[in-house]
Amino acid sequence: MKKLRALIATVLVFATTLSLAGCTGFKVIEDEDDFFEALDNAAGIDEDETLHLKNVTVGGDKAEYLIHVKDGDNYYTYIRFKKEDDAMDYFDEVYEDFGDLCEDKDFTGSRTLMVNKVRGTVIFNGELEGGSPFYLYSNDVFLYKDAEIYGGIYVNQNVYIEAYSVDGSKRDKEKINTFLKEIGFPKP
């Protein structure tokens, strides 16, 4: 019986380790063409339907490339900062704001938050209370009313990505999942 318990405990530890590794292990999308291709393959969004700019300022910092598109209730953003620190600083604000929302119980639902020196995720599937201070590049519409949010915010090295739905249908959420799978990022 003791051997069986030890075996079960070992399996659970291994499964938890794999689960956490899966959440944190995603690649850097260094080339904006990879993002455009994923938008086209997963959501049917062509490059000419997006706002895309080179050498812009985002949050006071220099970015080499910016892509943004709203597709119904879904939002997709790609920002390749010139410096890793700038991407992490931009992400850290989102990470801290979302952590505060969870602590204040302004967000209810499932969530995963992870951050280290060069990589981070804020993944969510739940309801955000109206009037909550949660600012993203793509949207602030849910600040004024209760809203269901689904998707995630990601940073890896100098690349920051948002892919989420606000009050989206089942089909909208499927598009977010398909897009995240296409780019190899963890889903809600």
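**Strand pairing and the surroundings of S165**

Across the β5–β6 pair, T121 stands opposite Y154, a residue of β6. That one pairing is a handy way into this predicted model, since Y154 also has a partner on its other strand neighbour: in β7, its bridge partner is I161. Strand β5 takes in residues 119-128, and its pairing with β6 is antiparallel, running over 10 bridges. Between β6 and β7 the sense is again antiparallel, this time over 8 bridges. These two strands make a hairpin with 2 residues between them, and Q157, sitting in the turn, has a positive phi of about 55 degrees. As for β6 itself (residues 147-156), 9 of its 10 residues are buried, so the strand is largely enclosed by the rest of the structure.

Stepping back to the whole fold, the protein has 4 helices and 7 strands. Read from the N terminus, the elements come in the order α-α-β-β-β-α-β-β-β-β-α. The strands build an open sheet of 7, ordered β1-β2-β3-β7-β6-β5-β4, with antiparallel pairing. At the edges sit β1 (51-58) and β4 (107-115), each of which pairs on one side only. On average, and with direction ignored, neighbouring strands in this sheet are turned by 10 degrees against each other.

Elsewhere in the sheet, β2 (residues 61-71) and β3 (residues 74-81) are joined in the antiparallel sense over 8 bridges. Here D71 has N74 of β3 as its bridge partner. Two helices can be placed against these strands. Helix α2 (residues 32-43) lies across β1, β2, β3 and β7 and runs at about 10 degrees to β2. Helix α3, made up of residues 84-103, packs on the sheet and touches β1, β2, β3, β4, β5, β6 and β7. The direction of α3 makes about 145 degrees with that of β4.

N74 turns up again on looking at S165. This serine is in strand β7, which covers residues 159-166. How far is S165 buried or exposed? Its relative accessible area is 1%, and because anything under 20% counts as buried, S165 clearly falls on the buried side. The side chains of S165 and N74 are joined by a polar contact of 2.9 Å. So N74 has two roles in this picture, as the bridge partner of D71 and as the side-chain polar partner of S165. Leaving aside residues up to four places away in sequence, S165 touches D73, N74, E148, I149, Y150, D172 and I176. Among these, E148, I149 and Y150 fall within the span of β6, residues 147-156.

Some overall figures round this off. Of the protein's 188 residues, 44% count as buried. Among contacts with a separation of 6 or more, 56% are between residues 24 or more positions apart. The accessible surface comes to about 10000 Å², and carbon and sulfur atoms account for 49% of that.

On confidence, the mean pLDDT of the protein is 85, with 84% of the residues reaching 70 or more. The N-terminal stretch is another matter: over residues 1-24, pLDDT stays under 50. For that stretch the model has 5 contacts beyond four places in sequence. Where pLDDT is low, predicted coordinates should not be read in detail.

Definitions and conventions:
Residues are numbered from 1 along each chain as its sequence is written. This is a predicted model: local features need pLDDT of at least 70, side-chain atom pairs count only at pLDDT 80 or more; totals for chains, interfaces and linings use all residues. Side-chain values use heavy atoms; hydrogens and water are left out. Buried means under 20% relative accessible area, exposed over 50%, partly exposed in between (1.4 Å probe, protein chains only). A polar contact is a pair of N or O atoms within 3.5 Å; within protein, one must be able to donate a hydrogen and the other to accept it, and residues adjacent in sequence count only if both atoms are side-chain atoms. Contact means heavy atoms within 4.5 Å. Two strands pair if DSSP finds at least two bridges between them. Accessible areas come from the Shrake-Rupley method with a 1.4 Å probe; for residues, only the protein chains shown count as cover. Axes are lines fitted to C-alpha atoms, for helices over the stretch in contact, and angles run from 0 to 180 degrees between N-to-C directions. pLDDT is the predictor's confidence in each residue, from 0 to 100.
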